[in-house]
Amino acid sequence: MKKVSKIQIFTIGILATITVSYSQEKEIKTELDKLIKVRNEIKEMYEKNQALLNQIKKEKEDLENLKKQIEESRKKINEERYKKLAKIFEKMDPELAGEKFSKMESAEDAAYILYNMNEKKAAAILNNTDPVMVNKIVKILSGLKRQNP
(Lines give C-alpha, C1' and ligand atoms only; values in the text may rest on other atoms or scores of the structure.)
Protein backbone atom coordinates (compact mmCIF):
# COMPACT_ATOMS: atom_id res chain seq x y z
CA MET A 1 0.00 0.00 0.00
CA LYS A 2 1.08 3.39 -0.84
CA LYS A 3 1.69 5.80 1.94
CA VAL A 4 -0.27 9.10 1.72
CA SER A 5 1.62 12.13 2.78
CA LYS A 6 0.29 14.95 4.89
CA ILE A 7 0.54 17.27 1.92
CA GLN A 8 -1.57 14.98 -0.20
CA ILE A 9 -4.20 14.73 2.55
CA PHE A 10 -4.17 18.48 2.91
CA THR A 11 -4.54 18.93 -0.86
CA ILE A 12 -7.41 16.44 -1.00
CA GLY A 13 -9.11 18.30 1.88
CA ILE A 14 -8.74 21.63 0.12
CA LEU A 15 -10.08 20.18 -3.14
CA ALA A 16 -13.07 18.68 -1.28
CA THR A 17 -13.72 21.98 0.44
CA ILE A 18 -13.51 23.85 -2.86
CA THR A 19 -15.87 21.36 -4.48
CA VAL A 20 -18.35 21.61 -1.59
CA SER A 21 -18.00 25.40 -1.55
CA TYR A 22 -18.52 25.60 -5.30
CA SER A 23 -21.69 23.48 -5.19
CA GLN A 24 -22.96 25.48 -2.20
CA GLU A 25 -22.15 28.72 -4.00
CA LYS A 26 -24.03 27.52 -7.07
CA GLU A 27 -27.00 26.55 -4.88
CA ILE A 28 -26.92 29.92 -3.09
CA LYS A 29 -26.72 31.75 -6.42
CA THR A 30 -29.75 29.78 -7.70
CA GLU A 31 -31.72 30.61 -4.54
CA LEU A 32 -30.67 34.26 -4.78
CA ASP A 33 -31.87 34.40 -8.40
CA LYS A 34 -35.20 32.93 -7.32
CA LEU A 35 -35.52 35.49 -4.52
CA ILE A 36 -34.71 38.35 -6.89
CA LYS A 37 -37.33 37.06 -9.32
CA VAL A 38 -39.94 36.78 -6.53
CA ARG A 39 -39.02 40.26 -5.26
CA ASN A 40 -39.50 41.70 -8.77
CA GLU A 41 -42.86 39.93 -9.11
CA ILE A 42 -43.97 41.33 -5.74
CA LYS A 43 -42.80 44.80 -6.74
CA GLU A 44 -44.72 44.53 -10.02
CA MET A 45 -47.86 43.35 -8.20
CA TYR A 46 -47.49 46.19 -5.68
CA GLU A 47 -47.28 48.75 -8.48
CA LYS A 48 -50.34 47.26 -10.20
CA ASN A 49 -52.24 47.31 -6.90
CA GLN A 50 -51.21 50.93 -6.32
CA ALA A 51 -52.51 51.84 -9.77
CA LEU A 52 -55.77 50.00 -9.03
CA LEU A 53 -56.05 51.74 -5.67
CA ASN A 54 -55.55 55.13 -7.32
CA GLN A 55 -58.18 54.27 -9.92
CA ILE A 56 -60.62 53.19 -7.18
CA LYS A 57 -59.97 56.42 -5.26
CA LYS A 58 -60.65 58.46 -8.41
CA GLU A 59 -63.85 56.52 -9.14
CA LYS A 60 -64.95 56.94 -5.52
CA GLU A 61 -64.36 60.67 -5.77
CA ASP A 62 -66.30 60.79 -9.06
CA LEU A 63 -69.17 58.86 -7.45
CA GLU A 64 -69.21 61.22 -4.46
CA ASN A 65 -69.37 64.20 -6.83
CA LEU A 66 -72.15 62.54 -8.78
CA LYS A 67 -73.99 61.82 -5.53
CA LYS A 68 -73.71 65.50 -4.57
CA GLN A 69 -75.04 66.55 -7.97
CA ILE A 70 -77.94 64.13 -7.70
CA GLU A 71 -78.71 65.33 -4.18
CA GLU A 72 -78.65 68.96 -5.32
CA SER A 73 -80.91 68.12 -8.27
CA ARG A 74 -83.28 66.23 -5.98
CA LYS A 75 -83.34 69.19 -3.62
CA LYS A 76 -84.12 71.63 -6.44
CA ILE A 77 -86.85 69.36 -7.80
CA ASN A 78 -88.43 69.09 -4.35
CA GLU A 79 -88.20 72.86 -3.86
CA GLU A 80 -89.96 73.42 -7.18
CA ARG A 81 -92.57 70.80 -6.29
CA TYR A 82 -93.26 72.47 -2.94
CA LYS A 83 -93.50 75.91 -4.60
CA LYS A 84 -96.03 74.62 -7.14
CA LEU A 85 -98.06 72.91 -4.42
CA ALA A 86 -97.93 76.11 -2.35
CA LYS A 87 -99.43 78.07 -5.25
CA ILE A 88 -102.19 75.48 -5.62
CA PHE A 89 -103.02 75.54 -1.90
CA GLU A 90 -102.97 79.34 -1.85
CA LYS A 91 -105.75 79.34 -4.43
CA MET A 92 -107.89 76.92 -2.38
CA ASP A 93 -110.47 77.86 0.20
CA PRO A 94 -108.64 77.95 3.60
CA GLU A 95 -111.13 75.50 5.17
CA LEU A 96 -110.70 72.95 2.38
CA ALA A 97 -106.92 73.42 2.37
CA GLY A 98 -106.84 73.01 6.18
CA GLU A 99 -108.81 69.78 5.83
CA LYS A 100 -106.33 68.52 3.24
CA PHE A 101 -103.39 69.45 5.46
CA SER A 102 -105.01 67.62 8.39
CA LYS A 103 -105.15 64.44 6.32
CA MET A 104 -101.62 64.59 4.94
CA GLU A 105 -99.46 61.62 5.88
CA SER A 106 -96.27 63.68 6.02
CA ALA A 107 -96.14 66.67 8.32
CA GLU A 108 -92.79 67.47 6.71
CA ASP A 109 -94.39 67.83 3.27
CA ALA A 110 -97.11 70.03 4.78
CA ALA A 111 -94.49 72.19 6.48
CA TYR A 112 -92.47 72.66 3.30
CA ILE A 113 -95.61 73.58 1.36
CA LEU A 114 -96.60 76.13 4.01
CA TYR A 115 -93.04 77.45 4.10
CA ASN A 116 -93.39 78.41 0.42
CA MET A 117 -96.78 80.10 0.85
CA ASN A 118 -97.82 83.66 1.49
CA GLU A 119 -97.85 84.09 5.29
CA LYS A 120 -101.46 85.31 5.51
CA LYS A 121 -102.77 82.44 3.41
CA ALA A 122 -100.65 79.93 5.32
CA ALA A 123 -102.01 81.27 8.60
CA ALA A 124 -105.59 80.97 7.35
CA ILE A 125 -104.97 77.36 6.36
CA LEU A 126 -103.33 76.55 9.70
CA ASN A 127 -106.38 77.99 11.49
CA ASN A 128 -108.42 75.29 9.74
CA THR A 129 -105.95 72.43 10.24
CA ASP A 130 -106.11 69.72 12.93
CA PRO A 131 -104.21 70.96 16.04
CA VAL A 132 -102.08 67.80 16.26
CA MET A 133 -100.93 68.33 12.68
CA VAL A 134 -100.36 72.03 13.35
CA ASN A 135 -98.04 71.14 16.25
CA LYS A 136 -96.02 68.81 14.01
CA ILE A 137 -95.87 71.43 11.24
CA VAL A 138 -94.81 74.21 13.63
CA LYS A 139 -92.07 72.01 15.08
CA ILE A 140 -90.71 71.36 11.58
CA LEU A 141 -91.06 75.01 10.52
CA SER A 142 -89.24 76.24 13.63
CA GLY A 143 -86.36 73.92 12.71
CA LEU A 144 -86.36 75.35 9.18
CA LYS A 145 -86.17 78.91 10.45
CA ARG A 146 -83.10 78.03 12.55
CA GLN A 147 -81.38 76.37 9.59
CA ASN A 148 -82.21 79.23 7.19
CA PRO A 149 -81.97 82.46 9.19
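User: Which residues does Ile137 touch, not counting residues up to four places away in sequence?

Analyst: This is a predicted model, in which local features need pLDDT of at least 70 and side-chain atom pairs count only at pLDDT 80 or more, while totals for chains, interfaces and linings use all residues. Residues are numbered from 1 along each chain as its sequence is written, and side-chain values use heavy atoms, with hydrogens and water left out. A contact here means heavy atoms within 4.5 Å. With residues up to four places away in sequence set aside, the partners of Ile137 are Phe101, Ala107, Ala110, Ala111, Leu114 and Leu126.

User: What is the order of the elements from the N terminus on?

Analyst: Helices (H or I, at least four residues) and strands (E, at least two) are DSSP runs, numbered from the N terminus. The chain has five helices and zero strands. From the N terminus on, the order is therefore α-α-α-α-α.

User: Which element gives the most residues to the largest nonpolar core?

Analyst: A nonpolar core is a set of buried Ala, Val, Leu, Ile, Met, Phe, Trp, Tyr and Cys residues joined through side-chain atoms within 4.5 Å. The largest one has 17 residues, and those touching the most other members are Phe89, Phe101, Ile113, Leu114, Met117, Ile125 and Ile137. Two or more residues each come from H1, helix H2 (94–103), H3, helix H4 (119–127) and helix H5 (131–147). With five residues, the element that gives the most is H3.

User: Is Ile125 buried or exposed, and at what relative accessible area?

Analyst: Ile125 is placed in helix H4. Beyond residues up to four places away in sequence, Ile125 touches Phe89, Pro94, Ala97, Gly98, Phe101, Leu114 and Met117. Buried means under 20% relative accessible area, exposed over 50% and partly exposed in between (1.4 Å probe, protein chains only). Ile125 is therefore buried, with a relative accessible area of 1%.

User: How far apart in space are Ile125 and Met92, C-alpha to C-alpha?

Analyst: In sequence, Ile125 and Met92 are 33 residues apart. In space, C-alpha to C-alpha, their separation is 9.2 Å.

User: The backbone oxygen of which residue lies 2.7 Å from a polar atom of the side chain of Thr129?

Analyst: Thr129 lies in the loop between H4 and H5, and at 8% relative accessibility Thr129 counts as buried. Thr129 touches Gly98, Phe101, Ser102 and Val134, not counting residues up to four places away in sequence. The backbone oxygen 2.7 Å from a polar atom of the Thr129 side chain is that of Ile125.

User: Why is the pair of Tyr82 and Tyr112 given the class that it has?

Analyst: The structure holds two aromatic pairs. Rings of Phe, Tyr and Trp (its six-membered ring) pair if their centres lie within 6.5 Å; planes under 30 degrees apart count as stacked, over 60 as edge-to-face and the rest as tilted. The rings of Tyr82 and Tyr112 have centres 5.1 Å apart and planes at 25°, so the class of this pair is stacked.

User: How many residues apart in sequence are the parts that the pair of Tyr82 and Tyr112 ties together?

Analyst: Tyr82 is buried at a relative accessible area of 8%, whereas Tyr112 is partly exposed at 25%. Tyr82 lies in helix H1 (residues 6–91) and Tyr112 in helix H3 (residues 107–115), so the sequence separation of the parts tied together is 30 residues.

Key
A polar contact is a pair of N or O atoms within 3.5 Å; within protein, one must be able to donate a hydrogen and the other to accept it, and residues adjacent in sequence count only if both atoms are side-chain atoms.
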